[in-house]
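Subject: The structure for you to look at

Hello,

Here is the structure I promised to pass on. My notes on what turned up in it follow below.

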Amino acid sequence: MKNLIEYILIHLVEHPEEVEVVESEDDRGAVYTIHVHKDDIGRVIGKGGSVIQSIRNIGKIRAVKEGIHAYINLAEDEDEE
């Protein structure tokens, strides 16, 4: 799942070297947190949130196929310069 999310993001952003997907677990299931360059946040969110919602939908489809619960979050690191 992590590889799928990274693959989508690398081909979407202008700074693919700064794409990072952190995988963790919580009581709900697997959590994938996306970190991208600050200039690429708008590209990942998309107009009206359409791109991030599409990434989440693809993730849900993959999670169902793998038999897990997965959540995808976009980290907005405001303190990075």
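Let me start with a contact between charged groups: R43 and E14 form a salt bridge through their side chains, with 2.7 Å from N to O. Please keep in mind that this is a predicted model. The pair brings together distant parts of the chain, since R43 belongs to helix α2 while E14 sits in the loop between α1 and β1, 29 residues apart. R43 is partly exposed, at 38% relative accessible area, whereas E14 counts as exposed at 54%.

In the whole structure, the search gives 3 salt bridges. One of them joins R28 to D26, at 3.5 Å from N to O; here R28 has a relative accessible area of 44% and D26 one of 31%, which makes D26 partly exposed. Another links R62 and E66, whose closest N and O atoms are 2.9 Å apart. Because R62 and E66 are 4 residues apart in helix α3, about one helical turn separates them. R62 is partly exposed at 31%, and so is E66 at 38%.

You may enjoy D40, which lies in the loop between β2 and α2. Which side chain of opposite charge is nearest to D40? It is R43, 4.3 Å away. A salt bridge needs a nitrogen within 4 Å of a carboxyl oxygen, so that distance does not qualify, and D40 is buried without a salt bridge. Leaving aside residues up to four places away in sequence, D40 touches V13, E14 and H15. E14 is also the salt-bridge partner of R43.

Now to the sheet. It is open, has 3 strands in the order β1-β2-β3, and its pairing is mixed. β1 (20-25) and β3 (70-74) are at the edges with a single partner strand each, so one side of each has no neighbour in the sheet. On average, neighbouring strands are turned by 20 degrees against each other, direction ignored.

β1 and β2 (residues 30-35) are antiparallel, paired over 6 bridges, with E20 opposite H35 and V22 partnered with T33. The two strands make a hairpin with 4 residues between them, and G29 in the turn has a positive phi of about 145 degrees. On the other side of the pairing, β2 and β3 run parallel and are joined by 5 bridges; T33 has N73 as its bridge partner there.

How many of the residues of β2 are buried? The count is 6 of 6. A30, Y32 and I34 point one way from the strand, while V31, T33 and H35 point the other way. In a regular strand, side chains alternate between the two faces of the sheet.

As for the helices, α1 (residues 2-10) packs on the sheet and touches β1, β2 and β3, its direction making about 155 degrees with that of β1. Helix α3 (residues 50-66) lies across β2 and β3, at about 160 degrees to β3.

Finally, the core. The largest nonpolar core has 18 residues, and those with the most contacts inside it include I5, L9, Y32, I34 and L74. At least two residues of this core come from each of α1, β2, α2 (41-45), α3 and β3. L9 touches V19, V21, I34, V44 and I55, again not counting residues up to four places away in sequence.

Best wishes

Note on methods:
Residues are numbered from 1 along each chain as its sequence is written. This is a predicted model: local features need pLDDT of at least 70, side-chain atom pairs count only at pLDDT 80 or more; totals for chains, interfaces and linings use all residues. Side-chain values use heavy atoms; hydrogens and water are left out. Two strands pair if DSSP finds at least two bridges between them. Axes are lines fitted to C-alpha atoms, for helices over the stretch in contact, and angles run from 0 to 180 degrees between N-to-C directions. Contact means heavy atoms within 4.5 Å. A nonpolar core is a set of buried Ala, Val, Leu, Ile, Met, Phe, Trp, Tyr and Cys residues joined through side-chain atoms within 4.5 Å. Buried means under 20% relative accessible area, exposed over 50%, partly exposed in between (1.4 Å probe, protein chains only). Lys and Arg count as positive and Asp and Glu as negative; His and the chain ends are not counted.
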